[in-house]
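Trainee: I should like a close look at a single part of this model, namely the charged side chains and how they pair. Please treat the subject in one connected account.

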Amino acid sequence: MHVLNSPDVVHETMDGETILLHLKTGNYYSFDRFGAIVWQTLMVKGTVIDLEEKFELNEEQTYEITNFISSLLDEELIKEGTTTGEEDEELLASLISGFKRYTTPMLRKYSDMQELLLLDPIHDVDDNAGWPEVGK
Amino acid sequence: MTHKQPVISVTVPAYNAQNYIQECLDSLYNQKINQELEIIVVNDGSTDVTADILAKQNSKIKVLSHENRGVCKTRNTGFRASIGSYLASLDADDLYHQDKLKRQLDYLQNNPGIDMVFCKVKQFISPELAASGRKIPKSLEVMNAMNFSGGLYRSSVFEKVGYIDESLHSYGEFIDWFARAKDLGVTYHIIDEILLKRRVHNTNLGKLKPSEQIDYLKVLRAKLKRAKDMKNE
């Protein structure tokens, strides 16, 4: 079983595309289409064991998904653990209902903003003084 | 008496900055630069004694005030009011090295093809946190100062790129602006010297609230979309 490597990793899926940010490394990632389905299935269920049957995946496709999950582990975007059940099941349902055809899940990694991302969050987050309290 | 046109305008956004703002301003007063400096402090509706401290600065600074709107809008207020040919910013709890503006101005004046220049920043634990035993990871102690405080910008850069996206809460404001600047071909250089000191004074470092997480992801999503759109052109 796998879970999000929280709190080091934050993520969001919108319009079928998932963006992840690893706060410790400053790397960010994207994938879409079937990759987003695999990701959200992991977030909701912790496992992709059902996908093979649900989408009638062949051996090669199953292998590609295994590789994709390995890359998520290698990049420390997920870790072993038990899902808390707080993830968005509606989002998963929406992604599945929008499924048209299988595409190889590809993890795209970007490191061009590392310096900025690593520098940015270490700052005034004190609740009693300074930012980032937005106008009340 | 005539006033010389400032060459550099420095914006200091301030919200409840009573603990550190005098040190911040002193680091600006101590700049070893022979050019006219305009210091604009924008008080973002502080509820502590920031306003009193600013009132004691006499005529050394220009103070703008508005109700609390957040750092993005506040910094923009200062940038928009700036009349210098070069713009800078300094967060109210950070410090410039005394040579920061001179070194950066010299660089831009000698390198007309470069639009903005940064430096290195040394992060330090604010004295009141010393007892907490918090330490800055070695790899983060000295970094490239890729944030608004670290830069000196030709005013033309803001005409080209625009100002800070005010829909962001504060996280990712520079990242978004810088990404847009790069996409528009704005050039920059990083001076390999520590010219900025950045104060770390929080005990909840790195724990982003969900709204702050969304800001980061929004910025990155927009960046990737721009790259995709440019590729498709």
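Mentor: What follows is an account of the charged side chains, with a short passage on the largest pocket and on chain A.

The model is a predicted one, and side-chain atom pairs are counted only at pLDDT 80 or more. Side chains of opposite charge can pair when their charged atoms come close. Over all chains, the count comes to 20 salt bridges. Three pairs within chain B deserve individual treatment, and strand 9 is a good place to begin.

Glu23(B) and Arg199(B) form a salt bridge through their side chains, with an N to O distance of 3.1 Å. This pair joins distant parts of the chain, since Glu23(B) belongs to helix 1 and Arg199(B) to strand 9 (residues 188-200), 176 residues apart. The two partners are placed in unlike surroundings: Glu23(B) counts as partly exposed because its relative accessibility is 42%, whereas Arg199(B) counts as buried because its value is 2%, under the 20% limit.

Strand 9 of chain B also carries Glu193(B), whose partner Arg103(B) lies in helix 4 (residues 100-110), 90 residues apart in the chain. The side chains of Arg103(B) and Glu193(B) meet in a salt bridge at 2.2 Å, N to O. Arg103(B) is partly exposed at 31% relative accessibility, and Glu193(B) is likewise partly exposed, with a relative accessible area of 31%.

The third pair connects two helices. Arg226(B) and Asp183(B) meet in a salt bridge at 2.6 Å, N to O. Arg226(B) is in helix 8 (residues 210-232) and Asp183(B) in helix 7 (residues 173-183) of chain B, with their positions 43 residues apart in the numbering. Arg226(B) has a relative accessibility of 21%, so it counts as partly exposed; Asp183(B), at 26%, counts as partly exposed too.

Beyond these pairs, a network of salt bridges links Glu12(A), Glu17(A) and Arg221(B). Its members thus come from chain A and from chain B.

A charged residue without such a partner offers a contrast. Asp44(B), in strand 2 of chain B, is buried yet has no salt bridge. The nearest side chain of opposite charge is that of Arg69(B), 5.9 Å away, and a salt bridge requires a separation within 4 Å, so this pair does not qualify. The side chain of Asp44(B) nevertheless has a polar atom 2.6 Å from the backbone nitrogen of Arg69(B).

Strand 2 leads on to the largest pocket, which holds about 520 Å³ of space. Its lining comprises 18 residues, and the closest to the centre are Glu36(B), Leu37(B), Glu38(B), Ser59(B) and Lys60(B). Helix 1 (21-29) and strand 2 (37-44) of chain B each supply at least two lining residues, and strand 2 gives the most, with three. By class, the lining has eight nonpolar, five polar and five charged residues.

A few words on chain A complete the picture. Chain A has five helices and six strands, and its elements run β-β-β-β-α-α-α-β-α-β-α from the N terminus on. Of its 136 residues, 49% count as buried.

Notes:
Residues are numbered from 1 along each chain as its sequence is written. Chains are lettered from A and ligands numbered from 1 in the order in which they are written. This is a predicted model: local features need pLDDT of at least 70, side-chain atom pairs count only at pLDDT 80 or more; totals for chains, interfaces and linings use all residues. Side-chain values use heavy atoms; hydrogens and water are left out. On a 1 Å grid over the protein atoms alone, a cavity is a set of points where a 1.4 Å probe fits but cannot get out, and a pocket is an open set with protein on both sides within 12 Å along at least five of seven lines; lining residues have an atom within 4 Å of a point. Grid points are joined across faces, edges and corners, and a volume is the space filled by probe spheres set on the points. Helices (H or I, at least four residues) and strands (E, at least two) are DSSP runs, numbered from the N terminus. Ala, Val, Leu, Ile, Met, Phe, Trp, Tyr, Cys and Pro count as nonpolar, Asp, Glu, Lys and Arg as charged, and the others, Gly among them, as polar. Buried means under 20% relative accessible area, exposed over 50%, partly exposed in between (1.4 Å probe, protein chains only). Lys and Arg count as positive and Asp and Glu as negative; His and the chain ends are not counted. A polar contact is a pair of N or O atoms within 3.5 Å; within protein, one must be able to donate a hydrogen and the other to accept it, and residues adjacent in sequence count only if both atoms are side-chain atoms.
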